[in-house]
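Colleague: I would love a close look at one part of this model, the part you find most worth our time. Please pick a starting point and then connect it with its surroundings and with the chain as a whole.

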Amino acid sequence: MKIETKCVHAGGITDTVGKGLNTPIFPSSAHEYLDSEDVAYPRYFNTVNQKVLVSKICDLEGAEDGLVFSSGMAAVSSVLLAFLKAGDHVVLQDELYGGSYAFVEAFFNRVGISHTFAATDPASIESAIRPETKVVFIETPTNPLLSIIDIGEVARIARRHDCLSVIDNTFATPVNQNPIQLGMDVVIHSGTKYLGGHSDLSCGAAVTTSELTSRIKETAVNFGGNLNALTCYLLERSLKTLSVRVNQQTENALQLAHFLDEHAKVRKVYYPGLADHPNHSLARDQMRGFGAMLSFELADSRLSADDFLKRLDLIKPAVSLGGVETTICDPARTSHAKMSAEARAEQGITDSLFRLSVGIENVEDLIGDVQQAIEM
Ligand SMILES: Cc1ncc(COP(=O)(O)O)c(C=O)c1O
């Protein structure tokens with residue numbers, strides 16, 4: 001099956017009671033245990049709705065098994081701590097979602113795990129690997145500067161050094177990129193974003209092999225970041241339209257990127273679909289589409305972020321991303337606020353950087369709104 005068909009049909013179970021086309025919602029937290037080998041319990045990640053949802057996400061990502069979580073950070077923290085213990089070392093690329101960065105910075109020293117943030121390229125990642133390195137963690141395209149790292153190359157490096165390779169695939173989604181096919185071991189999602197797609201769910205996922213899923217589960221049951229039945233159902237429903245949404249969002253983003261790129265009042269546009277993006281050809285090779293996130297800086301640095309954001313009518317300044325509606329944020333104050341000003345400056349996350357999460361609206365309406373705000 002192609003991805004569009006998988007989105008609609010993968011996973012799911014037959015409703016033998018009502019003969020409905022959708023997976024029924026099974027909200028029980030207590031299940032009978034006599035004659036049952038694997039007693040269902042929500043925190044054991046083995047209820048019907050959790051399993052159905054996992055099988056759909058696995059189909060989309062080409063994975064064997066996985067777990068669904070109550071947030072993307074529950075997935076990130078459970079996966080990292082499943083494979084790391086005191087004395088171990090982890091290499092992460094430096095351009096990382098601010099929450100993942102803050103988690104590693106704030107928590108790992110306390111439990112005796114050391115870490116290195118390496119520049120977002122395979123050579124820097126390889127040179128940061130030490131004998132005690134157990135995990136390599138990447139994210140591509142990156143948040144918020146949309147850098148692209150060679151997934152296959154990182155996977156080969158990790159394997160050569162006997163490390164587990166983990167990728168946060170939130171920005172690309174399985175519609176635009178399948179990291180497991182490129183050699184990565186574990187794929188993580190903040191389902192709160194594109195997988196949910198309507199800015200009304202908090203959820204996460206980690207998918208991989210059956211063996212590695214068992215390892216993650218041993219840790220995850222103790223942290224308790226499982227997903228409830230109702231949200232499983234809603235996420236499963238959202239996934240049926242994932243490819244339609246993401247393809248439209250990606251198409252709109254490309255047109256918006258071209259518009260911004262050609263505008264005299266825009267200093268710089270960050271979008272891997274633009275021919276002058278430094279990793280454009282790599283993005284072409286490893287992605288099916290360039291995604292629906294883009295960032296830009298205005299030429300007039302005297303204009304405050306608030307003043308610009310208040311000029312927009314249709315596009316709302318909002319945190320989070322990946323919904324059907326186009327939103328905008330200034331990462332220095334939102335997604336990357338927990339990073340020090342120096343760390344942000346080192347990466348090029350300036351106070352006048354804006355990040356757009358492009359939705360499914362008519363692109364002419366979107367361009368019109370951005371244009372009137374820029375030219376006001
Ligand atoms: C790339 C990426 N990964 C992980 C997360 C964390 O997800 P959640 O907010 O669902 O915990 C986010 C949230 O913004 C994100 O953008």
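Modeller: Let's start with Cys 163, which is buried at a relative accessible area of 7%. Please keep in mind that this is a predicted model. Cys 58 is buried as well, with a relative accessible area of 4%. Does either cysteine belong to a disulfide, and how many disulfides are there in the whole structure? A search of the whole structure finds zero. For Cys 58 the reason is distance: the closest cysteine sulfur, in Cys 232, is 13 Å away, so it is too far for a bond. The cut-off for a disulfide is a pair of sulfur atoms within 2.5 Å.

Cys 58 deserves a little more time. This residue sits in helix H2, which covers residues 48–61. Leaving aside residues up to four places away in sequence, Cys 58 touches Ala 63, Glu 64, Asp 65, Gly 66 and Val 207. Pro 174 is 116 residues from Cys 58 along the chain, yet their C-alpha atoms are separated by 9.9 Å.

Now to the stretch I would like you to rotate into view, the loop between strand E4 (133–139) and helix H6 (151–160), where Pro 141 is found. The peptide bond from Thr 140 to Pro 141 is cis, with omega near -5°. Pro 144 has its place in that loop between E4 and H6 too. The bond leading into Pro 144 from Asn 143 is also cis, and its omega is near 10°. Leu 146 lies in this loop between E4 and H6 as well, and its phi is positive, about 55°, although it is not a glycine. Leu 146 counts as buried, at 1% relative accessibility. As background, most residues other than glycine have a negative phi, and most peptide bonds are trans. That is what makes this loop a good place to inspect the backbone by eye.

A useful partner for Leu 146 is Asp 35, another non-glycine residue with a positive phi, here about 60°. Is Asp 35 buried or exposed? Asp 35 is exposed, with a relative accessible area of 87%, while Leu 146 is buried at 1%. Asp 35 is found in the loop between helix H1 (3–9) and H2, and H2 is the helix that holds Cys 58.

Next, have a look at helix H4, residues 98–107, which is mostly covered, since seven of its ten residues are buried. Those buried residues are Gly 98, Gly 99, Ser 100, Tyr 101, Ala 102, Phe 103 and Val 104. Which elements do they pack against? The buried residues of H4 pack against helix H3 (72–83), strand E2 (89–93), strand E3 (114–118) and helix H13 (341–347).

Strand E3 takes us on to Ser 114, which is found there. Ser 114 is partly exposed, with a relative accessible area of 24%. Not counting residues up to four places away in sequence, Ser 114 touches Asp 88, His 89, Val 90 and Arg 130. Gln 371 is 257 residues from Ser 114 along the chain, and their C-alpha atoms are separated by 46 Å.

Finally, let's zoom out. The chain has 14 helices and twelve strands. Its radius of gyration is 21 Å, close to the 21 Å that the globule rule gives for 376 residues, so the chain is as compact as a globular protein of that length. Along the principal axes, the C-alpha atoms fill a box of roughly 70 × 55 × 35 Å. Of the 376 residues, 57% are buried. Among contacts with a separation of 6 or more, 74% come from residues 24 or more positions apart. The chain exposes about 16,200 Å², and carbon and sulfur atoms supply 51% of that area. As for charge, there are 32 positive and 47 negative side chains, and the centres of the two sets lie 2 Å apart.

Note on methods. Residues are numbered from 1 along each chain as its sequence is written. This is a predicted model: local features need pLDDT of at least 70, side-chain atom pairs count only at pLDDT 80 or more; totals for chains, interfaces and linings use all residues. Side-chain values use heavy atoms; hydrogens and water are left out. Helices (H or I, at least four residues) and strands (E, at least two) are DSSP runs, numbered from the N terminus. The radius of gyration is taken over C-alpha atoms; the globule rule is 2.2 Å times the number of residues to the power 0.38. Buried means under 20% relative accessible area, exposed over 50%, partly exposed in between (1.4 Å probe, protein chains only). Contact means heavy atoms within 4.5 Å. Accessible areas come from the Shrake-Rupley method with a 1.4 Å probe; for residues, only the protein chains shown count as cover. Lys and Arg count as positive and Asp and Glu as negative; His and the chain ends are not counted. The place of a charge is taken as NZ of Lys, CZ of Arg, CG of Asp or CD of Glu.
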